[in-house]
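Trainee: I should like to learn how the terms used for a protein model are justified. May we take one model and reason through it step by step?

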Amino acid sequence: GKPSLDLQSAHTLPHRLLVIDCRYHYEYEGGHISKAVNISSPLVLRKLFGELRAELFKTTFVDGLLALSGQALTLGDLSDLAKGVVNHAQPNATVGKEPVIPATGCVPVVVFHCEFSSQRGPNMWRLVRQLDRQANASAYPRLDFPQLFVLKGGYEGFVHSRADTCQPAGAYRSMFSPNHRHILREEESRHAEEWKTIKKGY
């Protein structure tokens, strides 16, 4: 397919850092990296980097995504955001299903993490990489999202070294918080079912 981004344009377009916090929302509410977006659902992530992947090259969409920091992103949130961007998009911002950088384009740099970045964060990273490989199967080894990272040590490591860049400053709620055990059971059940749905699609 037509490359979404060449090396020359990559050097001239603004980069947009997108930190995706893969923890459950009660953990995220208890403290998170400033401007991090909360996506614990693999179905939401699949929609973002699958159906809506072309939107991630638009500054207006990514900035809109960052503006949703503080809440748990849903499928509906993504649909609403995409509709809003489409309504104000320049002509020919996308061609078919291939991401084509519009005049107001950006280069997404994506960092995933969970509490320790040992399971949930890396699993979401792998899902996005797999979606990218599938989308570019006929143009291997091309990737639309080459700049994907996992935060070493997760939020637990980050908050202790960069407390001033977290909201609230220095705040941290463990996945195993005694006051949220019932929510943890519900979240783990939902999470397991969503991953089953994801795997059925491969």
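Mentor: Let us begin with a term: a pocket is an open set of grid points with protein on both sides within 12 Å along at least five of seven lines. The model before us is predicted, and its largest pocket has a volume of about 250 Å³.

Trainee: Which residues lie closest to the centre of the largest pocket?

Mentor: The lining has 13 residues, and those closest to the centre are Tyr-24, Gln-119, Arg-120, Met-175 and Glu-188. Helix 6 (120-135) and helix 8 (181-200) each give two or more residues to this lining. The largest share, 3 residues, comes from helix 8.

Trainee: What is the make-up of the lining by class?

Mentor: There are 6 nonpolar, 4 polar and 3 charged residues in the lining of the largest pocket.

Trainee: Why does Ser-117 count as buried?

Mentor: The relative accessibility of Ser-117 is 12%. Buried means under 20%, and therefore Ser-117, at 12%, counts as buried. Ser-117 lies in the loop between strand 4 (107-113) and helix 6.

Trainee: What makes the approach of the Ser-117 side chain to Leu-151 a polar contact?

Mentor: The side chain of Ser-117 reaches the backbone oxygen of Leu-151 at 2.7 Å. The cut-off for such a pair of N or O atoms is 3.5 Å, so the distance of 2.7 Å satisfies it. In addition, a polar atom of the Ser-117 side chain lies 3.4 Å from the backbone nitrogen of Gly-154.

Trainee: Which residues touch the most other members of the largest nonpolar core?

Mentor: In this core of 33 residues, they are Ile-20, Ile-39, Leu-45, Phe-49, Leu-56, Leu-65 and Phe-112. Helix 3 (42-49) is one of the elements that give two or more residues to the core, and helix 3 gives the most, with 5 residues.

Trainee: With which residues is Leu-56 in contact, leaving aside its neighbours within four places in sequence?

Mentor: Leu-56 is in contact with Leu-18, Leu-48, Phe-49, Phe-61, Val-62, Leu-65, Cys-106, Pro-108 and Phe-145. Apart from the largest core lies another core, of 10 residues, among them Ile-33, Ala-36, Val-111 and Cys-166.

Trainee: How many helices and strands does the protein have, and what percentage of its residues count as buried?

Mentor: The protein has 8 helices and 6 strands. Of its 202 residues, 49% count as buried.

Note on methods: Residues are numbered from 1 along each chain as its sequence is written. This is a predicted model: local features need pLDDT of at least 70, side-chain atom pairs count only at pLDDT 80 or more; totals for chains, interfaces and linings use all residues. Side-chain values use heavy atoms; hydrogens and water are left out. On a 1 Å grid over the protein atoms alone, a cavity is a set of points where a 1.4 Å probe fits but cannot get out, and a pocket is an open set with protein on both sides within 12 Å along at least five of seven lines; lining residues have an atom within 4 Å of a point. Grid points are joined across faces, edges and corners, and a volume is the space filled by probe spheres set on the points. Helices (H or I, at least four residues) and strands (E, at least two) are DSSP runs, numbered from the N terminus. Ala, Val, Leu, Ile, Met, Phe, Trp, Tyr, Cys and Pro count as nonpolar, Asp, Glu, Lys and Arg as charged, and the others, Gly among them, as polar. Buried means under 20% relative accessible area, exposed over 50%, partly exposed in between (1.4 Å probe, protein chains only). A polar contact is a pair of N or O atoms within 3.5 Å; within protein, one must be able to donate a hydrogen and the other to accept it, and residues adjacent in sequence count only if both atoms are side-chain atoms. A nonpolar core is a set of buried Ala, Val, Leu, Ile, Met, Phe, Trp, Tyr and Cys residues joined through side-chain atoms within 4.5 Å. Contact means heavy atoms within 4.5 Å.
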